[in-house]
Structures are given as C-alpha cells and as structure tokens.
Amino acid sequence: MTRSVSDEQISLLPPDAAALLHLVRENLRLLAEISQRYEVATMPATTERRTIRTPADVADYLGPEMVDLAQEQLRVILLDTKHHVLGTRLVYQGGVNAVVIRLGDVFREAVACGAATIVLVHNHPSHDPTPSGDDVHLTREAAQAGKLLGIDVLDHIIIGRASC
C-alpha cells in the first residue's frame with residue numbers, strides 16, 4: 001500500500017506537548033477575537049446622551065478605565081455642538097512615560113464623524129496628573145490645528161491620582 005505525505009502527519013512533539021500547543025493556539029485565537037471585539041479604539045458611542053462640560057465629567061467618563069493603565073494612552077472624545085459624546089477613540093498607546101503624537105491622527109476621526117468639539121485625554125502611569133512640558137505643547141498645537149479645521153479643542157485632561 002502506498003501512503004502519501006498527506007495521509008500522515010509527522011510531529012516531532014510528544015503527544016502531551018502537541019495537545020498543549022493546540023490549546024495555547026486556541027486560547028490565543030480567542031483572546032485576539034475578544035480584543036478585536038472590545039477594543040477601545042473601535043467602541044461606538046453609548047446610547048445614553050452623555051454630555052461633557054467639565055474636567056470632572058471627563059474624569060467620571062474615562063477615569064475608571066484609564067487611571068491604572070500601565071502605558072500612556074491618548075484618547076479623543078468626539079463631541080457635537082451641544083457637547084454630547086459622539087464617540088471616543090484611542091489615538092495612541094505609548095510606553096511607560098511617553099507617547100509620540102501626530103496631530104493628523106488626533107483629528108482624523110473628528111473630521112470623519114463631523115465632531116464640532118474634541119477633548120484630549122491621556123493618562124500618566126506614574127499617577128501624577130501634573131502636565132509635562134510636552135503635554136502643554138501638545139495642547140497648544142492641537143488648539144491651533146483645531147482652529148484651522150473648525151473643531152474646538154475643549155480641554156486636554158490628564159488622568160492620574162492627585163493623592164500620589
């Protein structure tokens with residue numbers, strides 16, 4: 001009887017290792033699916049009409065999910081003319097203490113969905129909410145770019161813990 005290569009699978013792994021490898025691959029597939037489904041960057045706006053008018057509103061909205069992140073994230077809250085939330089987008093995720101920002105990425109979703117106003121929000125993994133020089137510089141540049149695009153930058157909020 002002649003056997004073709006496709007009739008037999010050759011494995012150099014012991015049977016237990018092959019089963020373990022299969023489980024690891026399946027878990028990775030499931031984690032990737034969950035990550036894609038619940039990724040912040042693609043989360044639609046909630047059905048409730050949340051309104052953002054103050055830094056406290058922003059802290060209530062995003063603070064619980066951002067305060068203990070191990071890496072810096074920059075998110076943009078997209079608002080209509082009455083400051084109702086249209087959506088929130090993850091723009092950048094950086095390292096422990098830095099994120100490189102391109103203003104075109106900050107405004108891309110705002111332009112695409114017709115937002116009238118945006119709020120920049122990022123966290124400091126150190127938990128110190130004091131703005132750095134780079135934070136102040138980003139806020140100024142974003143405000144200038146927003147003026148050119150007709151999109152107001154309402155604020156730039158840093159999520160941290162004031163008690164640290």
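**Exercise 1.** How many helices and how many strands are there in the protein?

Solution. The model is a predicted one, in which local features need pLDDT of at least 70, side-chain atom pairs count only at pLDDT 80 or more, and totals for chains, interfaces and linings use all residues. Residues are numbered from 1 along each chain as its sequence is written, and side-chain values use heavy atoms, with hydrogens and water left out. Taking helices as DSSP runs of H or I of at least four residues, and strands as runs of E of at least two, numbered from the N terminus, one finds four helices and four strands. Along the sequence they follow the pattern α-α-β-β-α-β-α-β.

**Exercise 2.** Identify the residues with the most contacts inside the largest nonpolar core, and the elements that supply it.

Solution. A nonpolar core is a set of buried (under 20% relative accessible area, where exposed is over 50% and partly exposed lies in between, with a 1.4 Å probe and protein chains only) Ala, Val, Leu, Ile, Met, Phe, Trp, Tyr and Cys residues joined through side-chain atoms within 4.5 Å. The largest has 15 residues, and Val-76, Val-106, Phe-107, Ile-118 and Leu-120 have the most contacts inside it. Strand 1 (73–79), strand 2 (85–93), helix 3 (103–113), strand 3 (117–123) and helix 4 (133–149) each supply at least two residues of this core. Apart from this core lies another, of 13 residues, including Tyr-61 and Val-85.

**Exercise 3.** Decide whether Val-24 is buried, partly exposed or exposed.

Solution. Val-24 belongs to helix 1 (residues 15–38). Its relative accessible area is 40%, so Val-24 is partly exposed.
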